Structure formats: C-alpha cells, structure tokens
Amino acid sequence: MLNDIGMSPAEFDEAMHPPYASEDLLTLAMLSVGIDPDDFDTLEFARSHFMSRTCITCPRRRKCHDRMQAFDFEGHYRDFCPNSENFLKLLRKRCDA
Ligand code: SF4
C-alpha cells in the first residue's frame, strides 16, 4: 500500500505525527469540492499524482481540518492546500467528460 502512494515505511511513520494524522482528509476534501473519490478516473489520477502522499505529509492539516469542521474548505482551499492544483485538474477533467 505504501508503494502505491509513493512512501517508504520510515516516511509514513514520520507522517503519523502531524495533527489529525489518522484522518482521511483527502477523501473529505474531494467530497467537499465536488469530486467523487470512488470514481475510477479519480483514483487513477490521485495515484499517479501522489495525492495521498501529499495529504499525509501536508503541513496544513490543522487548517484543513478546521476548514472542514466549519464546512468552508471548498471556499478557501486554493489559498493553502498543496493539492489544490490537482483538485482543479480533476474538476476540469469532469467538465471535459
Ligand atoms: S490541505 Fe489539502 S493536501 Fe493538506 S491535508 Fe488538506 S486536502 Fe490534503
């Protein structure tokens, strides 16, 4: 599984220390911005762009979590989310389909 997201066991262990480390913020973020996290193309894109790795190692997890709690992630993620460009690409792909 770690190979799939491009992380070594040591990197994963290190990544378990930031705030809300055990929460799947990537899935919540996708749902928040209107992306189906279970769609095959989404899963392929996320895997090839190491989106899980970006989330797991993200230094903005506390802010991300707080925005999710306030239900306004979608209005602010472009300002702080390291995956924002990937979310925008996924949204564009959905429009092109
Ligand atoms: S800010 Fe973006 S990259 Fe960071 S944990 Fe949240 S969704 Fe993932």
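Four exercises on charged and buried residues follow, each with a worked solution.

The model is predicted, so local features need pLDDT of at least 70, side-chain atom pairs count only at pLDDT 80 or more, and totals for chains, interfaces and linings use all residues. Residues are numbered from 1 along each chain as its sequence is written, and side-chain values use heavy atoms, with hydrogens and water left out.

**Exercise 1. Which helices does the salt bridge between E11 and R53 tie together?**

Step 1. Apply the criterion: a side-chain nitrogen of Lys or Arg within 4 Å of a carboxyl oxygen of Asp or Glu. For E11 and R53, the closest N and O atoms are 3.2 Å apart.

Step 2. Place the partners. Helices are DSSP runs (H or I, at least four residues), numbered from the N terminus. E11 lies in α1 (residues 9-15) and R53 in α4 (residues 51-56), so the bridge ties together parts that are 42 residues apart in sequence.

Step 3. Check exposure. Buried means under 20% relative accessible area, exposed over 50%, and partly exposed in between (1.4 Å probe, protein chains only). E11 has 34% relative accessibility and counts as partly exposed. R53, at 27%, also counts as partly exposed.

**Exercise 2. How many salt bridges does the structure hold? Work through the other pairs.**

Step 1. The count is three.

Step 2. Take R47 and E44. Their closest N and O atoms are 3.3 Å apart. Both residues are in helix α3, three residues apart, which means a separation of about one helical turn. R47 is partly exposed at 43%. E44 is partly exposed at 33%.

Step 3. Take D72 and R67. Their side chains meet at 2.9 Å, N to O. D72 is partly exposed at 22%, and R67 is partly exposed at 25%.

**Exercise 3. Is H65 buried or exposed, and what does H65 contact?**

Step 1. Locate H65: helix α5, residues 61-69.

Step 2. Read its accessibility. At 10%, H65 counts as buried.

Step 3. List contacts (heavy atoms within 4.5 Å). Leaving aside neighbours within four places in sequence, H65 touches Y20 and E23.

**Exercise 4. Which residues gather in the patch of negative charge on the surface?**

Step 1. Set the rule. Patch residues have over 30% relative accessible area and no salt bridge, and like charges are joined within 9 Å. Asp and Glu count as negative.

Step 2. Name the members: D36, D38, D39 and D41.

Step 3. Look at D36. D36 sits in the loop between α2 (25-33) and α3 (40-48). Its relative accessible area is 44%, so D36 is partly exposed.

Technical notes
Patches are made of residues with over 30% relative accessible area and no salt bridge: like charges are joined within 9 Å, nonpolar side chains (Val, Leu, Ile, Met, Phe, Trp, Tyr) within 5 Å. Accessible areas come from the Shrake-Rupley method with a 1.4 Å probe; for residues, only the protein chains shown count as cover. The place of a charge is taken as NZ of Lys, CZ of Arg, CG of Asp or CD of Glu. Helices (H or I, at least four residues) and strands (E, at least two) are DSSP runs, numbered from the N terminus.
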